[in-house]
Amino acid sequence: MGKYFDMLLEDIRVQEGLRSCMNCGVCTGVCPAAEFYNYDPRQIVNIVLTRDDDEIERLMRSDVIWYCGECMSCRPRCPRGNTPAYVIQGLRTLSQRLGLFVESEKGRQQLAIKRLIGDNILRTGYCIVPRNVVPALHPEQGAVWEWIIDHDKELYGRFTPVYGSDGAGALRKIDDESMQELHRIFEVSGGKDFYATIERHSERKAREMGYDGADDDYMMHTYTTNSEQHY
Amino acid sequence: MKRASWQEYQKDIADDKYYYARSCIRQNFFPGSERAFLDILRGDLGRDVMDDPIHTSCTGIGYHSDVVPLETIMTVVARQFALMGEAGYENFISSCITSFGIYTEILSTWEEFPETEERTREYLYKATGRELVKPRSLAHTSDIVFHFRDEIARKAKRKLVNVYTGRPLRVVEHIGCHYAKIFPKSGIGGSEFPYVLAGMIESWGGEVVDYPERRHCCGFGFRNYLVQANRGYSIANSQKKLESMSPYKPDFIVGNCPGCSMFLDRWQYAIAEMEGTTYGADGQGIPVLTYEEMAGLVLGYDPWELGMQMHQVDVEPLLDKMGVEYDPAAKYLGRDGRYIGKPERAAVNNGCQRAIYDIKL
Ligand code: SF4
Ligand code: SF4
């Protein structure tokens, strides 16, 4: 009893965001995720406060912890000074470290995020670049976005002299030395290990689910699947 | 008594000599806004802004979608601060609300948990040989525009006024959750009375629209947009805001955060295509501006030089109301002034059947 609770408390966000809860439900009242999903941040705080290992493990294996949008609307509102979102961040991090995230549909999506955003950071130095926002995967970006991507050099060239090249300005290429520094930061601070952990557990789960490992097919499966069981 | 409590919501904003950190989202979707910010600060206001060619992303989108660990983002942020120090600056300004929230949160975490600052210093030194220097002041770029709003008003070529009726334009402002909900004291007006955009709108002659869902999230929700299967969350939250604001007949929306501005623009497109619903006048969409675009129009900049052709919802109806002179054809020119063709037509700009705008309150 209390093993997972102690592990969670090693995360300073959980130390900062978890005090006693008076079950007022204010966090749930302002929460955009609670409005849309079968999700209740008040309950998350309560379950963690029980210190019950089985209950906390169930959370970390479930879809529930992945619904939050990390908007932080709950933070300034809690009369007890809790930040349910910090508790969620702690649960998500631990769920990935322990490999439990692959046991839920929403949790498995971490692989897609790691590859689409995480790897892009180490490739380009940016979270996103225009060519990542591929119109085929982003129909909601609309007709103008498609036009922009079709004429990216022409359009971005109007606003930045260094689109994809060296120098100061928007969408410049990040120089090799800075990229090396970024890579070393990810190495020494645990970022690369964390990426590897996501890949390793996804590989295991993908095989269990009948894929030839965590290949593009599996990743696209996690990216597009919605069982409609979340509302 | 009232005065004293309002003081709590003010923040000190440096007057000059800024180190500028660009935003992944803003430069992707609003590259003209980043350029306009620098042009306004340097050209119109005569300020010194350092545009460093070697800073990187803050990695904030990776952090808030839980693939980048806290220790890693802290070290990346420490590198940005170190670069500021090496360049001889102390006033750090960020062009993105997600980044701004992260910088604020990390500085505060270092205060509260000094061992995390120590560890970050070690990681930074080990990885890059650089030394962490903490900024003397931290601001979002909209704080800077707010700070100079009266000076901009004095130089204004146009006001936020409808030239046909002489009445103030009605403006919806969207602050972005991470501006002041994480640390209320970090934002002008705090999380209760955010005034950063409202202050600009009032100074430049417009009227701020209050509506029920004014403080609701735009719906980005990080993983809830990034993963295709989750986008229902994102569009549903934007829709909630749009439905709520439309009956108040806003002339335009202005966003603090580049992500929010992009979503409120694009989801109008998606809703119009999916359901035939629009939220602005004449069955069209509501134009969504960045505050740099709003300031740029006030100062007489050309809308296509501001990058407003990159919006999905057409801005021409607003330009006409404001009395902006523009060349309609120049919207479709590339960098060398060559015509590059037009985007496909979209329902949001063509006039839709189901318009919430005309509902009587
Ligand atoms: S941060 Fe998460 S739990 Fe908090 S209000 Fe936003 S969506 Fe809800
Ligand atoms: S707002 Fe705070 S006290 Fe109220 S239910 Fe949520 S966590 Fe508990």
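How many residue pairs are in polar contact between chain A and chain B? The count is 56, with both residues of each pair at pLDDT 80 or more. I will come back to that contact after a few words on the model.

What you see above is a predicted model. Its scores are ipTM 0.98 and pTM 0.96. For chain B the mean pLDDT is 93, and 94% of the residues in chain B reach 70 or more.

Chain A first. Chain A has 14 helices and 0 strands, so if you read its elements from the N terminus on, you meet α at every step. Along the principal axes, the C-alpha atoms of chain A fill a box of roughly 60 × 45 × 40 Å.

Now the interface. The size of an interface is often given as the accessible area lost when the parts come together. Here chain A and chain B bury about 7,700 Å² between them, and 57% of that is on carbon and sulfur atoms. Three residues stand out on the chain A side: A:W147, A:R158 and A:F159 supply 11% of the area that chain A buries against chain B, more than any other three residues. In terms of residues, chain A brings 85 to the contact and chain B brings 97.

One of those three, A:R158, also takes part in a salt bridge. Its side chain meets that of B:E305, at 3.3 Å from N to O. Across the interface of chain A and chain B there are 8 salt bridges.

Which element gives the largest share of the side of chain A that touches chain B? That is helix α12 of chain A, residues 176-188, with 7 residues. By type, the residues on this side of chain A divide into 43 nonpolar, 24 polar and 18 charged.

Over all chains, the count of salt bridges comes to 44. An example within chain B is the pair B:E173 and B:R214, whose side chains meet at 2.9 Å, N to O. B:E173 lies in strand β5, residues 170-174, while B:R214 sits in the loop between β6 (207-208) and α12 (223-226) of chain B, so this pair ties together parts that are 41 residues apart in sequence.

Last, the ligands. Ligand 1 is surrounded by 13 residues, and the closest are A:C31, A:C68, A:C71, A:M72 and A:C74. The shell around ligand 1 divides into 10 nonpolar residues, 2 polar and 1 charged.

Which residues are around ligand 2? Among them are the cysteines A:C21, A:C24, A:C27 and A:C78. A:R42 and A:R80 are also on the list, as are A:N23 and A:N82. The shell around ligand 2 divides into 7 nonpolar, 3 polar and 2 charged residues.

That is the end of my part.

Methods: Residues numbered from 1 in each chain as written. Chains lettered and ligands numbered in written order. Heavy atoms only, no water. Contact = heavy atoms within 4.5 Å. Buried area = accessible area lost by both parts, 1.4 Å probe. Salt bridge = Lys/Arg side-chain N within 4 Å of Asp/Glu carboxyl O. Polar contact = N/O pair within 3.5 Å; in protein donor to acceptor, adjacent residues only side chain to side chain. Helix = DSSP H or I, 4+ residues; strand = E, 2+ residues; numbered from the N terminus. Nonpolar A, V, L, I, M, F, W, Y, C, P; charged D, E, K, R; others polar. Near = heavy atom within 4 Å. pLDDT = per-residue confidence, 0-100.
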